[in-house]
Amino acid sequence: MLKTVKQALFSTSLQNPKWTALETQSSEYEMRQYEPAKWVSTEVKSMKDWDSAVSVGFMRLFNYIQGSNAKNVKVEMTAPVTTYVEPGAGPACESTFTISFYIPTEHQDDPPQPSESSVFVTERPGTTVYVRSFGGYTNGAKNLEHISKLSEHLKQDGKVFDENVYYSAGYDSPFKPINRHNEVWLIAK
């Protein structure tokens, strides 16, 4: 019940993907099972930081929801905006950032196909993630700080997770100045 209340509290009026809170023994993170769902995504390969990649990717996806799709329809904004980060092999290597918007329920069965070749629809399978939440405005450095803390707590608790990739998730418009909600996710194995 408490976890359901928490989910409702940080939800905005935007649609969110469906998930179930799983039992966790820590106040430092929670464990969630996300249901399979379709997302519209774009990939940005860059040696630049998270902030630049997300800015480029967000605008591509924003154009899609504004009608740059095969049906020329506007698609409602959803939350969170996720970024799947695959770090490069070294400090001077290109990383891959996959920025995604959840496709609203009314379009899940037949999402409008993107007009732009760099935007694609994908179906994420059901996924279990460990989640660390934090407030304020986020950026690449803050995400890494929270991923590091999440990883440390999971290792202390003997949890097994993918250590090579992570997600960041933002729930708020950049114009919302207070009570912001951000997350980082590590994929459970």
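Student: Which residues are linked with Arg32 in a network of salt bridges?

Tutor: Glu30 and Glu183 join Arg32 in that network. Keep in mind that this is a predicted model, where local features need pLDDT of at least 70 and side-chain atom pairs count only at pLDDT 80 or more, while totals for chains, interfaces and linings use all residues. Numbering runs from 1 along each chain as its sequence is written, and side-chain values use heavy atoms, with hydrogens and water left out.

Student: What makes Arg32 and Glu30 a salt bridge?

Tutor: The rule asks for a side-chain nitrogen of Lys or Arg within 4 Å of a carboxyl oxygen of Asp or Glu. Arg32 and Glu30 come in at 3.3 Å, N to O, so the pair qualifies. By this rule the count comes to nine salt bridges.

Student: How do you know that Arg132 and Glu28 belong on that list?

Tutor: Their closest N and O atoms are 3.1 Å apart, so they pass the cut-off too. This pair links distant parts of the chain: Arg132 sits in strand β7 (residues 127-134) and Glu28 in the loop between β1 (19-22) and β2 (30-34), 104 residues apart. Helices (H or I, at least four residues) and strands (E, at least two) are DSSP runs, numbered from the N terminus.

Student: Why is Arg132 called buried, and what is Glu28 called?

Tutor: Buried means under 20% relative accessible area, exposed over 50%, partly exposed in between, with a 1.4 Å probe and protein chains only. Arg132 has 10%, so it is buried. Glu28 has 33%, so it counts as partly exposed.

Student: How far apart in helix α3 are Lys149 and Glu145?

Tutor: They're four residues apart, about one turn of the helix. Their side chains meet in a salt bridge at 3.3 Å, N to O. With relative accessible areas of 33% for Lys149 and 38% for Glu145, both are partly exposed.

Student: What span is expected for α2, residues 50-65?

Tutor: Take 1.5 Å times one less than the number of residues. For the 16 residues of α2 that gives 22 Å, and the helix reaches 22 Å from its first C-alpha to its last, close to expectation.

Student: Why do you say the buried residues of α2 line one face?

Tutor: Trp50, Ala53, Val54, Gly57, Leu61, Tyr64 and Ile65 are buried. Seen down the axis, they fall within an arc of 100° (taken from the directions from the helix axis to the C-beta atoms), so they line one face. They pack against elements including β3 (37-46) and α3 (140-156), with contact meaning heavy atoms within 4.5 Å.
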